[in-house]
Amino acid sequence: MVVAAILEDVEKLRVVDYPEPQVESNGILLKTELCGVCGTDMHLYGGNMVIPFPVIPGHEFVGTIEEIGDEAGDMEVKGQPLAEGDRITVVPGTNRFCGDCYFCRFMPHKPTLCTNRKVLGVNMTSAEPPHLLGGWAEKIYVDAKHFWVYKVPDEVPPEVALLTEPMAVSSRAFERGYAPGLPTFGEGFGVGGTVAVQGAGAIGLLTVATAELAGAGRIISIDMVDERLEMAERLGADQIIDMRIFKTPEERVREVLRLTGGLGADVVVECVGIPAAVPEGIDMTRRGGKYVEVGHYTDPGPVPINPHTICFKDMDILGSWTYPPTQFGTVLELMRQSMDRLPLDELVTKRYGVAEAQRAMDDLKARKGIKLAIHG
Ligand SMILES: [Zn+2]
Ligand SMILES: [Zn+2]
């Protein structure tokens with residue numbers, strides 16, 4: 001039997017036993033090492049997304065292979081052979097884009113826009129065998145033909161590898177801010193560029209880390225929680241703006257201008273998810289710069305902005321909706337290179353057993369810690 005936490009309905013989390021699944025030739029049965037608890041799980045729990053109950057939450061996972069089907073050993077996306085005991089992580093969104101919707105046909109370079117996407121731990125029900133289609137369980141079943149499986153580099157421990165998915169979100173958002181052509185044109189991010197990150201939750205902190213690893217010059221992190229601001233500094237922030245000291249948007253904008261020679265940041269990334277952060281962030285962006293919106297994964301409502309500012313600044317405002325499956329490769333390589341440089345392993349501040357999933361959810365809602373994780 002395999003212990004799993006399931007969402008039976010809105011705000012109904014229950015711990016159940018599922019039978020060991022039959023591993024098909026394309027299948028991999030994973031022993032869960034760690035699975036992140038994230039804002040998306042809170043939205044599933046709260047009924048903000050329509051899903052086919054029951055669902056095992058958890059889409060940010062890493063584990064070791066317990067059993068592998070005959071053909072799955074050759075299915076690692078970069079061609080590395082897979083065997084029992086290997087540590088892997090999996091892109092939770094399926095690689096089987098429908099091919100029929102407008103976006104699959106006309107925007108194949110933006111696979112996350114496919115209107116028929118299936119995501120492990122989000123909208124795949126656990127009602128039928130193999131049941132184990134989410135990370136809040138002792139074991140996870142992965143069909144390697146339908147999902148991108150990445151072998152985790154030896155240098156990267158599980159407490160870092162579990163950040164692959166959220167760092168895919170943040171690094172893709174950050175990459176939206178890159179200059180479109182030659183960096184000398186001064187649009188968007190280039191090596192040595194200044195970056196301001198609004199919010200220092202997991203996504204904000206991983207954006208700071210990405211900017212640091214990408215060769216940013218000055219990085220500014222804005223938040224109001226000591227634990228997060230301290231971590232931002234350790235992950236590469238050169239300056240922090242404490243919202244308890246800089247209380248108003250005007251004060252914070254003035255401080256960003258002061259720190260950037262009166263210009264504003266080349267790239268500003270919104271990782272708060274509160275509408276009021278957006279006009280403030282636009283004001284922090286340099287003329288000709290880029291503002292990236294990644295924090296509003298769900299819809300908390302509108303906010304007034306001044307269109308003149310956007311026009312006057314000749315700036316770009318860009319949305320970032322999840323990431324293409326290739327982003328996991330980018331992130332694992334960044335992680336491999338950063339192990340001696342950045343304390344990414346300290347982002348997981350608390351761990352829970354599968355049977356304690358409710359407590360993890362309650363702590364997430366109470367915004368305790370930085371990254372919470374379920375262990376298998
Ligand atoms: Zn997530
Ligand atoms: Zn499609």
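Which residues of helix α1 (residues 39–46) are buried? Keep that question in mind for the second view; the legends below all refer to a predicted model.

**Figure 1. The whole chain, with its 11 helices and 15 strands.** Let's start with the overall picture. The C-alpha trace spans about 60 × 45 × 40 Å along its principal axes. For 376 residues, a compact globule would have a radius of gyration near 21 Å, and the chain agrees with this, at 21 Å. Of the 376 residues, 47% count as buried. Among contacts with a separation of 6 or more, 70% are between residues 24 or more positions apart.

**Figure 2. Helix α1 and its buried side.** Here is the reply to the opening question: Thr 40, Asp 41, Leu 44 and Tyr 45 are the buried residues of this helix. They lie on the same side of α1, because the arc they cover around the axis is only 140°. The spacing makes sense if you recall how helices are built. An α-helix has 3.6 residues a turn, so residues three or four places apart point the same way. What do the buried residues of α1 pack against? Their partners are the strands β1 (2–9), β2 (12–18) and β3 (27–37), together with the helix α11 (357–365). Just after α1 comes Gly 47, with a positive phi near 80°.

**Figure 3. Where domain 1 meets domain 2.** The domain assignment gives domain 1 as 2–163 + 347–375 and domain 2 as 167–319. Taken over C-alpha atoms, the centres of domain 1 and domain 2 are 30 Å apart. The contacts involve 8 residues of domain 1 and 9 residues of domain 2. On the domain 1 side, α1 gives the largest share, 3 residues. The residues of that side of domain 1 divide into 3 nonpolar, 4 polar and 1 charged.

**Figure 4. The largest nonpolar core, with 107 residues.** Three members are good places to start looking: Ala 4, Val 149 and Leu 205 touch the most other members of this core. Helix α5 (residues 202–213) gives the core its largest share, 7 residues. Where does this core lie relative to domain 1 and domain 2? Both domains give residues to the core, so it lies between them.

**Figure 5. Val 149 and Val 90, two residues that touch each other.** Not counting residues up to four places away in sequence, Val 149 touches Ile 28, Met 75, Glu 76, Val 77, Ile 88, Val 90, Val 142 and Ala 144. Val 90 lies in strand β5 (residues 87–90). Is Val 90 buried or exposed? Val 90 has 28 other C-beta atoms within 10 Å, and 20 or more is the cut-off for a buried residue, so Val 90 counts as buried. With the sequence neighbours up to four places away set aside, Val 90 touches Leu 120, Val 142, Phe 147, Trp 148 and Val 149. If you would like a distance to check on screen, try Val 90 and Thr 64: their C-alpha atoms are 11 Å apart, and the two residues are 26 apart in sequence.

**Figure 6. Two cis peptide bonds, at Phe 53–Pro 54 and at Pro 129–Pro 130.** Some background helps with this view and the next. Most residues other than glycine have a negative phi, and most peptide bonds are trans. The cis bond that joins Phe 53 and Pro 54 has an omega of about -5°, and Pro 54 sits in the loop between α1 and β4 (61–68). For the cis bond between Pro 129 and Pro 130, omega is about 5°. Pro 130 belongs to the loop between α2 (102–106) and β6 (139–143).

**Figure 7. His 131 and Arg 367, each with a positive phi.** Neither His 131 nor Arg 367 is a glycine. His 131 has a phi of about 65° and lies in the loop between α2 and β6. Because 22 other C-beta atoms are within 10 Å, His 131 is buried. Arg 367, with a phi of about 55°, is found in the loop between α11 and β15 (371–375). Arg 367 is exposed, with 10 other C-beta atoms within 10 Å.

**Figure 8. Pro 157 in the loop between β7 (149–151) and α3 (158–161).** Pro 157 counts as partly exposed, because it has 17 C-beta neighbours inside 10 Å. Look also for Met 335, which is 178 residues from Pro 157 along the chain. The C-alpha atoms of Pro 157 and Met 335 are separated by 9.7 Å.

How values were computed
Residues numbered from 1 in each chain as written. Chains lettered and ligands numbered in written order. Predicted model: local features only at pLDDT ≥ 70, side-chain atom pairs only at ≥ 80, totals over all residues. Buried ≥ 20, exposed ≤ 12 C-beta atoms within 10 Å, placed from the backbone. Helix = DSSP H or I, 4+ residues; strand = E, 2+ residues; numbered from the N terminus. Arc of directions from axis to C-beta. Contact = placed C-beta atoms within 7 Å. Rg over C-alpha atoms; globule rule 2.2 N^0.38 Å. Domains from an automatic or database assignment. Nonpolar A, V, L, I, M, F, W, Y, C, P; charged D, E, K, R; others polar. Core = buried A, V, L, I, M, F, W, Y, C linked by C-beta atoms within 7 Å.
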